[in-house]
Amino acid sequence: MYINCHTYFSLRYGILSPKALVAAAVERGVTAMALTDINNTSCTYEFVTCCREAGIRPVLGLEFRREGQLLYIGLAQTDAGFARLCQFLSDCSIDGVPLPDTPPELPDTLIIYPTAVRSPDKLRANEYIGIRPEWVNHLFRSPLRHYPDKLVAWAPVTFLEREGYRTHKLLRCIDRNIVIGKLRPEDHAPEGEVFHTPEQLIQAYAKYPQLLTRAADLLAGCETGMTSTFRHNRQTFTGSTRDDLQLLHKLTRTGLVRRYGKGHAAATDRVERELKVIEMQHFAPYFLITWDIIRYASSTGSHHVGRGSGANSIVAYCLGITDVDPLELDLYFERFINPYRTSPPDFDIDFSWDERDDVTDYIFKRYGRGYTALLATYNTFKGKSIVRELGKVFGLPKADIDAIVHEPLAREKHHPYAKHIFHFGQRLEDVPNYLSIHSGGILIAEQPLYGHTALQMMPKGFPVTHFDMYHAEDLGFHKYDVLSQRGLGHIKEAVDLVRENQGKAIDIHDIPRIKEDAKVKAQLRSGRCIGCFYIESPAMRGLLTKLACDNYVHLVAASSIIRPGVAKSGMMREYIQRFHKPNDFEYIHPVFREHLGETFGVMVYQEDVMKIVHHFAGLDLDESDVLRRIMTGKKKSSDTFERLQRKYFENCQERGYSRELAEEVWRQVASFSGYSFCKAHSASYAVESFQSLYLKTYYPLEFMVGVINNFGGFYSTEVYVHEARMQGASIHPPCVNRSHWLTHIYGTDVYLGFVHLQGMERQAGMALIAERKAHGPYRSLGDFTSRVEVTPEQLDILIRIGAFRFTGMNKYELMWEKARVG
């Protein structure tokens with residue numbers, strides 16, 4: 001009977017979470033129901049899981065709307081039918097075409113039209129017309145009565161009670177960006193879209209009980225077998241598991257010789273052990289696909305940094321995925337791939353900010369439309385944003401809204417409607433507002449993703465799934481993180497500028513040599529690191545000098561203890577003190593001496609959290625890993641965190657620890673929440689920091705120009721320009737004969753780029769550069785204006801900045817000359 005149910009993933013329309021919807025169904029004794037969110041499939045698997053746990057048979061579908069107008073509802077009779085519904089919606093989004101008035105032939109689906117949208121004599125065999133409860137009494141005089149076999153009871157579920165109806169209307173106002181008084185009846189659901197009990201529906205359709213029977217029969221003919229399994233991910237790279245393993249072994253052993261030379265016993269033993277575990281866990285495709293992404297990027301000249309927990313792997317090191325030597329730092333692979341862990345290790349692959357989209361495009365074209373998608377994130381209604389949105393809906397002036405936002409407790413200063421804003425704001429807290437894009441997560445599936453989600457095209461030109469990383473994890477999907485950062489842009493451009501300016505080729509990937517360079521170590525110890533990735537902030541430079549940090553291993557630790565979690569807990573200060581006076585402190589417990597001796601008993605890395613809760617409190621390794629992932633935001637907490645916290649304290653009590661000791665250790669553990677690095681992650685950052693330091697030490701001018709041109713550093717551009725001057729550069733303002741769009745260097749002369757001129761249009765800047773490149777330098781202002789089409793406003797900017805100083809004329813003379821030649 002319930003063929004059209006909405007959750008709050010019917011964005012800016014529904015108000016019920018999937019759990020709340022299913023809980024309400026349980027209260028009403030419902031045995032089967034269909035999820036049909038509006039143009040959305042975000043919570044499909046969550047809904048299925050909740051229904052199965054509650055003993056309700058789930059049915060999947062979609063409600064198709066175009067610009068707010070309801071077109072039809074699709075129900076999936078099979079998993080293949082659901083995939084067809086999702087692909088239909090996806091194709092319209094990806095191809096940029098509106099949903100049609102009638103859907104194409106979609107086998108294994110049922111289509112329900114609202115009344116008066118489609119003539120019953122034109123319906124296909126799988127198409128029906130829905131009759132709302134309030135329309136039942138009008139059927140006796142409607143032409144629809146002549147088509148009884150095509151009518152079905154249609155009682156949409158959007159809210160539970162009148163308060164939910166009001167909340168729904170506010171969401172509709174937010175969606176349409178109007179005040180509440182301008183909301184039309186056709187813009188929102190009728191008040192009757194509450195969750196009726198079966199008894200209420202039987203009474204409503206008493207005159208035509210066959211409509212309810214048909215609705216129940218339709219639901220009974222629909223099934224879903226959606227399950228969670230790692231087999232959703234692409235299962236092979238080459239097309240054969242056997243060939244995958246052979247290729248992985250070949251590439252790894254070749255890389256082993258390249259990285260360590262021949263006959264390195266420890267490395268060889270570690271490689272063989274890892275390959276066995278990778279084969280056992282069926283992770284060979286994950287490693288090979290990541291290798292393939294790196295291979296493509298390298299072929300185009302792109303630089304990358306491989307980080308994340310996968311950097312613990314010597315196989316990843318041999319494949320060139322990372323530049324972190326796990327033997328050097330004693331990184332243990334089993335911590336990330338073990339029998340308790342069903343997902344592969346995380347590979348966060350960073351590319352330069354201006355190269356990431358090209359790599360992403362390769363992945364989509366390499367693995368195919370429908371099989372590849374970015375992950376979504378849910379932008380939800382939160383705090384101040386709710387107040388502002390509801391304030392606009394209630395028609396409050398900006399000053400009144402600001403008063404509520406800035407002083408939420410000063411009720412005497414608030415508009416009388418503030419109480420309504422707070423009331424409904426609580427109901428909207430954490431309700432999804434719209435879909436956004438995950439920072440870098442990409443799914444590559446074995447079968448088309450339509451079996452689990454529809455896809456939505458985003459402005460970046462790549463489609464996203466409707467679900468987020470947590471729903472993807474619940475389904476068994478593994479994501480590939482392809483990220484971007486400005487630091488790699490600094491390095492790549494600096495290397496290119498050195499080649500152009502000095503004719504020298506730099507092997508910036510010769511990491512062992514760079515890490516042992518005496519001048520680079522001295523630069524690190526001095527703290528003169530402005531422009532260098534991750535170590536240029538005042539806090540980090542101060543930490544480096546306090547630690548007298550002059551080697552890679554110490555920088556790895558410093559890169560992690562600067563994080564807010566360690567600093568907030570007071571352990572950064574403690575680490576510095578213990579670093580300088582290693583014999584003047586006592587370990588809080590012998591377990592800390594045994595497992596955290598390298599970091600003087602201070603928890604610095606994510607692994608340290610796992611070590612302590614496992615060895616100190618006796619949590620299992622898999623529980624320790626789950627706790628780590630919850631605290632770093634990589635796994636939904638639900639009630640798991642509270643359960644593990646309770647078990648921690650119970651175990652501590654059983655082991656005879658004092659309450660004070662247990663609480664202090666837990667405080668240190670909890671302070672890591674959301675901020676701590678794994679050791680391999682810190683090591684990857686430290687490698688990039690050393691690359692930056694090397695360039696700044698030996699090629700400071702080219703390096704600073706690279707920093708200026710890639711923006712996004714800790715400081716403003718002016719600071720980096722000043723740093724270049726301090727390094728010996730002669731800084732010149734933009735010149736029409738010497739400057740490029742970005743800043744450029746000739747010898748020791750640095751010419752600022754046109755990009756830094758306020759009001760300068762890129763099109764005008766690129767036009768004058770192209771003309772100069774094609775026909776030579778400009779000889780005068782008149783020569784410039786005769787060769788380049790430029791507006792008077794753009795020419796004024798160039799004159800005032802001194803871009804024509806080569807003419808020997810001052811700005812006043814140039815203005816007169818402009819008027820004369822103009």
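A residue is called exposed when its relative accessible area is over 50%, and buried when that area is under 20%. Keep those two words in mind as we walk through this structure, which is a predicted model.

Let's start with a residue to which the definition applies directly. Asn 177 has a relative accessible area of 61%, so Asn 177 counts as exposed. You will find Asn 177 in the loop between helix H4 (162-176) and helix H5 (198-204). Its backbone is worth a look too: phi of Asn 177 is near 55 degrees, a positive value in a residue other than glycine. Glu 67 offers another example, with phi near 50 degrees, again positive in a residue other than glycine. This residue belongs to the loop that links strand S3 (57-66) and strand S4 (69-76). Glu 67 is exposed as well, because its relative accessible area is 82%.

Now step back to the whole protein. There are 35 helices and 17 strands to find your way through, and the C-alpha trace spans about 90 × 90 × 70 Å along its principal axes. Of the 822 residues, 56% are buried. The surface that remains exposed comes to about 35,300 Å², with carbon and sulfur atoms supplying 51% of it. As for charge, the protein has 98 positive and 98 negative charges, and their mean positions are 2 Å apart. The chain also brings together residues from separate parts of the sequence: among contacts with a separation of 6 or more, 70% join residues 24 or more positions apart.

What lies inside? The largest nonpolar core has 112 residues, and those with the most contacts inside it are Tyr 2, Met 33, Leu 75, Phe 195 and Leu 390. Helix H3 (residues 79-95) gives this core its largest share, seven residues. A second, separate core holds 87 residues, including Leu 497, Phe 600, Val 602 and Leu 619. Going back to Leu 390, its neighbours beyond four places in sequence are Leu 170, Ile 174, Ile 421, Phe 424, Gly 425 and Leu 428.

Leu 21, found in helix H1 (residues 18-27), is a good next stop. Its relative accessible area is 0%, so Leu 21 is buried. Among the residues that Leu 21 touches are Cys 5, Leu 16, Phe 47 and Val 157, along with Met 33 and Phe 195. For a sense of distance, Leu 21 and Arg 573 are 49 Å apart in space, C-alpha to C-alpha, and 552 residues apart in sequence.

Is Glu 274 buried or exposed? Glu 274 is buried, because its relative accessible area is 1%. Its home is helix H8 (residues 265-280), and there it touches Asn 312, Ser 313, Ile 314, Val 315 and Phe 333, leaving aside residues up to four places away.

Our last stop is helix H12 (residues 356-367), whose twelve residues reach 17 Å from first C-alpha to last, close to the 16 Å expected at 1.5 Å a residue. Its buried residues are Arg 356, Val 359, Thr 360, Tyr 362, Ile 363, Phe 364 and Tyr 367. An α-helix has 3.6 residues a turn, so residues three or four places apart point the same way. The buried residues of H12 pack against several elements, among them helix H9 (284-299), strand S10 (372-380) and strand S11 (432-444). Just after H12 comes Gly 368, with a positive phi of about 100 degrees.

Definitions and conventions: Residues are numbered from 1 along each chain as its sequence is written. This is a predicted model: local features need pLDDT of at least 70, side-chain atom pairs count only at pLDDT 80 or more; totals for chains, interfaces and linings use all residues. Side-chain values use heavy atoms; hydrogens and water are left out. Helices (H or I, at least four residues) and strands (E, at least two) are DSSP runs, numbered from the N terminus. Buried means under 20% relative accessible area, exposed over 50%, partly exposed in between (1.4 Å probe, protein chains only). Contact means heavy atoms within 4.5 Å. Accessible areas come from the Shrake-Rupley method with a 1.4 Å probe; for residues, only the protein chains shown count as cover. Lys and Arg count as positive and Asp and Glu as negative; His and the chain ends are not counted. The place of a charge is taken as NZ of Lys, CZ of Arg, CG of Asp or CD of Glu. A nonpolar core is a set of buried Ala, Val, Leu, Ile, Met, Phe, Trp, Tyr and Cys residues joined through side-chain atoms within 4.5 Å. The expected span of a helix is 1.5 Å times one less than its number of residues.
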